[in-house]
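This briefing walks through one protein chain, residue by residue where that helps. Keep the sequence and the 3D view side by side while reading.

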Amino acid sequence: MDDFHTSQPIFVQIRQRLAEMILSGNAAEGEALPSVRQIAGELSVNPLTVTKAFDALVDLGVVEKRRGLGMFVKPGARAELISHEREKFLKQDWPRIAAQIKALDLDINNLLTQINTDQGQTHE
């Protein structure tokens, strides 16, 4: 699980992994998240890096610190994360992707067909 890439800071990648746990339901609302020490040990990173990832989720309003107990997923966290991630995708990722589609002269209908074909293969 410690396969980090150099395109983003490690704390951002850890934050994304924690967000994915919430989005996928592996960390349900009201449930405790793994501890800073546990994550730091599993990923072989500095605990301050993990704390920074948690702080980003606290700032987003999807995780809360409970003194002496750890970090917990707040009620409504999944819906908030979906909203945040969609907005981020549309503002940051989509313009770059759309420009690349145009530059490569790709047909959007063929791309959509390919996506539907790929999804059908993964659900079998």
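Ala 79 is exposed, because its relative accessible area is 53% and the cut-off for exposed is over 50%. The residue lies in helix H4. Its C-alpha atom is 9.7 Å from that of Ile 22, although 57 residues separate the two in sequence. The model is a predicted one.

**Fold and overall form**

- The protein chain has five helices and two strands.
- Read from the N terminus, the order of elements is α-α-α-β-β-α-α.
- The radius of gyration of the protein chain is 18 Å, whereas a compact globule of 124 residues would have one near 14 Å.
- Along the principal axes, the C-alpha atoms fill a box of roughly 55 × 30 × 30 Å.
- Among contacts in the protein chain with a separation of 6 or more, 52% join residues 24 or more positions apart.

**Surface and charge**

- Of the 124 residues in the protein chain, 22% are buried.
- The protein chain exposes about 8,600 Å².
- Carbon and sulfur atoms supply 53% of that exposed area.
- Positive side chains number 14 and negative side chains 17.
- The centres of these two charge sets lie 8 Å apart.

**The largest nonpolar core**

- In soluble globular proteins, nonpolar side chains tend to be buried together.
- The largest nonpolar core here has 21 residues.
- Ile 14, Phe 54 and Val 63 touch the most other members of this core.
- At least two core residues come from each of helix H1 (10-24), helix H2 (36-43), helix H3 (47-60), strand E2 (70-73) and helix H4 (77-103).
- H3 gives the largest share of this core, with five residues.
- Which residues does Ile 14 contact, leaving aside neighbours within four places in sequence? They are Phe 4, Ile 39, Leu 43, Val 45, Thr 49, Val 50 and Ala 53.

**Helix H1: Glu 20**

- Glu 20 is placed in helix H1.
- Is Glu 20 buried, partly exposed or exposed? Glu 20 counts as partly exposed, because its relative accessibility is 43% and partly exposed lies between the cut-offs of 20% and 50%.
- Glu 20 and Ala 56 are 36 residues apart along the chain, and their C-alpha atoms are separated by 14 Å.

**Helix H4: Ala 99**

- Ala 99 has its place in helix H4.
- With a relative accessible area of 44%, Ala 99 is partly exposed.
- Ala 99 and Arg 17 are 82 residues apart in sequence. In space, C-alpha to C-alpha, Ala 99 and Arg 17 are 27 Å apart.

**Positive phi in the loops**

- Ser 44 is found in the loop between H2 and H3.
- The phi of Ser 44 is positive, at about 55°, although Ser 44 is not a glycine.
- Ser 44 is exposed, with a relative accessible area of 61%.
- Asp 105 sits in the loop between H4 and helix H5 (108-122).
- Asp 105 has a phi near 55°, a positive value in a residue other than glycine.
- Is Asp 105 buried or exposed? Asp 105 counts as exposed, because its relative accessibility is 70%.

**The loop between E2 and H4: Lys 74**

- Lys 74 lies in the loop between E2 and H4.
- The relative accessible area of Lys 74 is 28%, so Lys 74 is partly exposed.
- Not counting residues up to four places away in sequence, Lys 74 touches Glu 29, Gly 61, Val 62, Val 63 and Glu 64.
- One of these partners, Val 63, is among the three residues that touch the most other members of the largest nonpolar core.
- The C-alpha atoms of Lys 74 and Gln 38 are separated by 20 Å. Along the chain, Lys 74 and Gln 38 are 36 residues apart.

Terms used. Residues are numbered from 1 along each chain as its sequence is written. This is a predicted model: local features need pLDDT of at least 70, side-chain atom pairs count only at pLDDT 80 or more; totals for chains, interfaces and linings use all residues. Side-chain values use heavy atoms; hydrogens and water are left out. Helices (H or I, at least four residues) and strands (E, at least two) are DSSP runs, numbered from the N terminus. The radius of gyration is taken over C-alpha atoms; the globule rule is 2.2 Å times the number of residues to the power 0.38. Buried means under 20% relative accessible area, exposed over 50%, partly exposed in between (1.4 Å probe, protein chains only). Contact means heavy atoms within 4.5 Å. Accessible areas come from the Shrake-Rupley method with a 1.4 Å probe; for residues, only the protein chains shown count as cover. Lys and Arg count as positive and Asp and Glu as negative; His and the chain ends are not counted. The place of a charge is taken as NZ of Lys, CZ of Arg, CG of Asp or CD of Glu. A nonpolar core is a set of buried Ala, Val, Leu, Ile, Met, Phe, Trp, Tyr and Cys residues joined through side-chain atoms within 4.5 Å.
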